[in-house]
Structure formats: C-alpha cells, structure tokens
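Me: I've got this model open on my screen and I'd like to talk through how its strands fit together. Can you walk me through it?

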Amino acid sequence: MYDFKLDEVTEWIKSKNAKVVALQMPEGLKVYCQKIIADLEAKTQSTFVVMADPCYGACDISMDFQKFADVLVHFGHSEIPSMHVKDNIMFVEAQIETDYAPLLPKLLPNLKEHIGLVSTVQYLQYLPSLRSWLEGNGRKVYIGRGGGRVKYDGQILGCDISAATSIENDVEQFLYLGTGDFHPLALAIQTKKPVIVMDPIAQEVRELKDLAERVLRQRHGAITRASGAKRYLILVSTKLGQNRTELAFRLKQIAMENGRKADVVLMNDFNPDSLLPFEADAYVSTACPRLAVDDFLRYPKPILTPIEMEISMGLRKWSDYQLDSI
Ligand code: SF4
C-alpha cells in the first residue's frame with residue numbers, strides 16, 4: 001500500500017558511503033520497519049538501527065541519530081523546508097496507493113462551483129487527476145502555494161494550512177483528500193468555509209461542520225476555565241520543528257504585564273505526569289498545535305494555545321479565534 005522508494009533509498013545510502021544508517025518513521029509505519037531493513041540490508045553493505053521513540057512529523061527529527069549513525073532516513077513525511085536540516089537526512093514521503101474513484105458519485109452532489117483542493121503528502125499525487133475530474137464536471141479548481149513549512153502546492157500540515165489560506169478568497173468550499181480530521185478541522189475553523197473530507201481509506205465522504213462546532217465549544221470551555229488563572233506553565237518543545245522559545249518568552253512577559261505568573265518549561269514529549277511537580281492553574285502549549293486540541297482530556301488543568309491564552313486574559317476577542325499554527 002505504501003511506496004517506500006527503497007531503490008532510491010539504496011542509491012542515496014550508497015552515495016553517502018554510510019556504514020550505519022538510522023531509520024525513523026511514525027507509529028503507523030513501524031510495522032513495516034523490519035521488512036524495510038531486510039530489503040536494504042540485502043542491497044547495501046550498511047548496518048541499520050531504528051529510532052523507536054514516537055515520531056509525529058517532519059518537525060520531529062531526532063538529531064540524536066548522529067551519535068550512532070552516519071545518516072538518517074525519515075519515512076512518512078516530506079521535509080519542512082524552513083527547518084534547513086543537513087544533507088545527511090533523507091525524507092521518504094511514503095505515498096499511499098489508493099483508489100478514490102468509488103467516492104466520486106457521493107462527492108458530486110455536495111460540490112459547489114469554486115473549490116480549493118488540499119491534501120497531505122501521502123495523497124498529493126492524486127490532486128492532478130482529481131482536479132481534471134472536477135473541471136470535467138464544470139467546477140473551477142484552485143490549488144494554493146503554501147509557506148516555508150510545506151514543500152508542495154496544495155499540501156497542508158496540522159500546523160500549517162497556508163496553501164489553503166492563500167486561495168481562501170477565491171473559493172466557496174475546500175475539498176480535502178486524505179485521512180483524519182485535524183487537518184481539515186483547522187481549515188474549517190480558520191477559513192470558516194465548508195470543508196468536505198474525501199477519505200480514501202475509510203472510503204467515505206463527510207462534512208466537518210458538526211465536528212468544527214464541537215471543537216470550538218471545547219476550546220471555549222478551556223478558555224473559560226483558564227480565565228481566572230493566576231499562574232501559567234508555558235510548554236516549549238525541544239523538537240527541532242516545534243520549538244518556539246521566543247514565543248514562550250513573549251507569552252511569559254504578557255502574563256507578567258497582566259498581573260499573572262508564568263514559568264517556561266522545555267521538554268521533548270509532553271505528558272501530564274511530567275508536569276505534576278509544577279504549580280500552575282493552566283498550561284499554554286507552544287509545541288505542536290494538536291497537543292491542546294487532541295490531548296486536552298489527558299491534562300488535569302486547562303491546556304491552551306497561545307491565542308487562547310490571550311483570549312483567557314481578555315487581550316483578544318473570542319470572535320477573532322483561530323486554531324494555532326506554526
Ligand atoms: S508540529 Fe504537529 S502538525 Fe506540525 S508537522 Fe509537527 S506533528 Fe505535524
């Protein structure tokens with residue numbers, strides 16, 4: 001189902017004369033890891049090690065590999081160009097082979113005239129054919145160019161939907177080809193346009209309106225619960241592509257200027273237990289935007305995004321609400 005491009009990986013490893021090669025991949029791909037190693041061992045003279053800690057995105061490159069290996073092959077994500085990683089790291093996007101054609105009859109009745117097309121890197125290769133089909137059915141299709149965190153036109157991340165916002169004034173509706181709800185959720189909340197999800201793995205077409213409203217209610221609840229906070233704990237990730245230390249310092253300053261206390265803590269992976277020793281009425285995450293939205297139930301205190309912290313202190317209006325982005 002996945003294209004791991006092992007011939008290209010083999011050539012790259014040989015070109016680097018790598019004796020030891022580290023492999024990294026997200027949880028969903030780890031089951032393929034040993035087959036990948038067996039294949040690469042047969043084709044190269046290299047020794048392979050696996051970076052088995054959880055990995056959530058291209059933002060999450062562990063430079064620890066340099067202590068043990070000459071190069072790193074990261075599967076499952078495209079590089080984040082603005083991270084400027086060294087050339088001893090190869091990104092293998094692991095595109096998924098799928099058939100979205102059975103979904104097209106369900107899609108057609110839900111389509112408006114001007115459509116913004118977006119996807120994640122695993123399905124981007126299908127955007128040209130989907131665009132042709134939409135245009136053949138009388139739709140005007142727009143594919144946007146994102147900022148420095150995305151590599152391809154039409155590509156969105158959970159923390160960067162700039163490819164969509166670059167065309168939001170041209171479109172009446174977004175069509176997201178891919179799995180999961182977080183990426184299209186950011187689209188729906190930020191652009192306030194209708195979003196249709198075409199999910200080729202679940203083989204379903206769905207709208208996001210109810211989910212977006214439910215998440216907004218949750219976020220409003222967290223902000224309300226944090227509004228009396230006297231002390232914030234500001235969370236900073238040490239992951240290369242999630243680190244926003246400067247923002248954390250600005251938030252601490254804002255808290256102090258508004259009569260609150262705030263401490264900044266750095267960590268690689270945040271979890272509620274590691275925060276227990278610290279005094280705080282609310283947490284503010286400057287790490288991956290998904291932390292506050294997806295994991296909020298795991299935390300005993302309200303966990304906010306930077307924008308939500310400002311709303312909780314009365315410095316920004318709820319009507320200006322946006323999901324966090326990096
Ligand atoms: S910060 Fe979060 S949403 Fe952005 S690339 Fe990393 S894991 Fe994905």
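Here are a few questions and answers about the strands, keeping in mind that this is a predicted model.

Me: Let's start with the open sheet of five strands: which strands stand at its edges?
Reply: The strand order in that open sheet reads 8-7-9-10-11, and the pairing is mixed. An edge strand has a single partner, so one of its sides is left without a neighbour in the sheet. That fits strand 8 (140–142) and strand 11 (204–207).

Me: And which residue in strand 9 is the bridge partner of Gly116?
Reply: Strand 7 covers residues 114–119 and strand 9 covers residues 173–177. The two run parallel, with five bridges joining them. In strand 9, Gly116 has as its bridge partner Phe174.

Me: What angle does helix 4 make with strand 7?
Reply: Helix 4 (residues 127–136) packs on the sheet, where it touches strand 7, strand 8 and strand 9. Compare its direction with that of strand 7 and you get about 165°.

Me: Over to strand 4: are its residues mostly buried or exposed?
Reply: Val71, Val73 and Phe75 point one way, while Leu72 and His74 point the other. Both groups are covered. For strand 4 (residues 71–75), that's five of five residues buried.

Me: Which residue in strand 5 is the bridge partner of Leu72?
Reply: Strand 4 runs parallel to strand 2 (residues 20–24), with four bridges between them, and there Ala22 partners Leu72. Four bridges also join strand 4 to strand 5 (residues 89–92), again running parallel. In strand 5, the partner of Leu72 is Ile89.

Conventions: Residues are numbered from 1 along each chain as its sequence is written. This is a predicted model: local features need pLDDT of at least 70, side-chain atom pairs count only at pLDDT 80 or more; totals for chains, interfaces and linings use all residues. Two strands pair if DSSP finds at least two bridges between them. Two residues are in contact if their C-beta atoms, placed from the backbone, lie within 7 Å. Axes are lines fitted to C-alpha atoms, for helices over the stretch in contact, and angles run from 0 to 180 degrees between N-to-C directions. A residue is buried if 20 or more other C-beta atoms lie within 10 Å of its own, exposed if 12 or fewer, and partly exposed in between; C-beta atoms are placed from the backbone.
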